[in-house]
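Thank you all for coming. I would like to walk you slowly through a model that is new to most of you, so please keep the view on the screen in front of you while I talk.

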Amino acid sequence: MFGPFRASHVSLSGLLWKTPWKLSVTRKANQRKRLKRVDGVIEAVRASGVECAALTKALELPKEHEMPARDKYTVFTPHARGYRKGVHKVPKFTRVAFFFFLASWRRTQCRFGWSPLPL
Amino acid sequence: MAGSSRLLASAIRPLSTSTSTHAVQPNTSTGQYYKITLLRSAIALGSKKKGTLVSLGIHRRMQTVYHPHAPEFAGKILAVKELVKVENVPKEAVRTKTEQRQARKPSRGFVILGGLTRSETTGVHAF
């Protein structure tokens, strides 16, 4: 029961990763930091006075302080109950655009014919 | 509740953007270049993002490059907006790779005032 050779999930099976169900306070803080950094980049490009389609699209994205916690820390999934999963379950979530999450979420919503939020 | 805030946000954003763009337009003379620093690597993010960084002239993390304000560079920056840090800087602040290297170097700790043969510097060498 105790000791170095005790039976546990880790010792009995080979590779076992346990991903927490939700983000910790620290990971959420880091997530907000990353979102703010992206907001800063968009703001800098906007301040440069350049006009382009990419900027128009980027300005439609919600800023960090405008996003509800639901959008900051979770993403849509068709498989989970409640249709949400933690953003940390998305591969490369610290380096890929939130825009894709929102877009895929909206697309799936349309496919499901179910829309709790205005599109 | 969340839905209404999102709707509000999307409704407010174009308004605020248009007003501030007009305010910013005359100030573009102060910053004419993007100072782009790569903070996060594009490893395993796909060839498009990697290619964007290559076309921006960035090939390693923490490297800084300067590009003029132009739609093509704005688009490239926004394509990799999660990886970079961007500042608007005037033309005088633009540094080449060599200049950036020189700026990073520590000071040598001494200053050469002149050659040994010159009579006015002999007093300096005495102490």
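I will begin with the two chains one by one, then turn to a contact between them, and finish with some individual residues.

Please keep in mind throughout that this is a predicted model, and that the values I quote are computed from it.

Let me start with chain A, which has 119 residues, of which 37% count as buried. Chain A contains five helices and two strands, and if you follow the sequence from its start, these elements come in the order α-α-α-α-β-β-α. When we take the contacts in chain A between residues at least 6 apart in sequence, 48% of them join residues that are at least 24 apart.

Chain B has 127 residues, and 33% of these count as buried. In chain B there are five helices and three strands, arranged along the sequence as α-β-α-β-α-β-α-α. Of the contacts in chain B with a separation of 6 or more, 71% are between residues 24 or more positions apart.

Now to a place where the two chains come together. If you look for helix α2 of chain A, residues 25–47, and helix α3 of chain B, residues 71–79, you will find that their axes come within 10 Å and cross at roughly 175°. An angle over 145° counts as roughly antiparallel, and α2(A) and α3(B) are therefore described as roughly antiparallel to each other. On the side of α2(A), the residues that make the contact are A:V41, A:I42 and A:V45, while α3(B) contributes B:A74, B:I77 and B:L78. Sorted by class, this contact has six nonpolar residues, with no polar and no charged ones.

Staying with helix α2 of chain A for a moment, we also find A:L35 there. Is A:L35 buried or exposed? Its relative accessible area is 10%, and since buried means under 20%, A:L35 is buried. A:L35 and A:M67 are 32 residues apart along the chain, and their C-alpha atoms are separated by 10.0 Å.

Next, the aromatic rings. Over all chains, the structure holds one aromatic pair. The partners are A:F76 and A:Y83, whose ring centres are 5.9 Å apart and whose planes meet at 5°, so the pair is stacked. A:F76 counts as buried, at 11% relative accessibility, whereas A:Y83 is partly exposed, with a relative accessible area of 29%. Another ring in chain A, that of A:Y73, has A:K28 lying over its face, at 5.1 Å from the ring centre.

Finally, a word about the backbone. Most residues other than glycine have a negative phi. Which values do we find at A:Y83 and B:M62? At A:Y83, which we have just met in the stacked pair, phi is positive and near 60°. A:Y83 sits in the loop between β1 (74–76) and β2 (84–86) of chain A. Over in chain B, B:M62 is not a glycine either, and its phi is positive, at about 65°. You can locate B:M62 in the loop between α2 (47–56) and β2 (64–68) of chain B, where it counts as partly exposed, at 49% relative accessibility.

That is where I will stop, and I am happy to go back to any part of the view.

How values were computed: Residues are numbered from 1 along each chain as its sequence is written. Chains are lettered from A and ligands numbered from 1 in the order in which they are written. This is a predicted model: local features need pLDDT of at least 70, side-chain atom pairs count only at pLDDT 80 or more; totals for chains, interfaces and linings use all residues. Side-chain values use heavy atoms; hydrogens and water are left out. Rings of Phe, Tyr and Trp (its six-membered ring) pair if their centres lie within 6.5 Å; planes under 30 degrees apart count as stacked, over 60 as edge-to-face and the rest as tilted. Buried means under 20% relative accessible area, exposed over 50%, partly exposed in between (1.4 Å probe, protein chains only). A charge sits over a ring if NZ of Lys or CZ of Arg is within 6 Å of the ring centre and within 35 degrees of the ring normal. Axes are lines fitted to C-alpha atoms, for helices over the stretch in contact, and angles run from 0 to 180 degrees between N-to-C directions. Helices (H or I, at least four residues) and strands (E, at least two) are DSSP runs, numbered from the N terminus. Angles under 35 degrees count as roughly parallel, over 145 as roughly antiparallel, 65 to 115 as roughly perpendicular and the rest as oblique. Contact means heavy atoms within 4.5 Å. Ala, Val, Leu, Ile, Met, Phe, Trp, Tyr, Cys and Pro count as nonpolar, Asp, Glu, Lys and Arg as charged, and the others, Gly among them, as polar.
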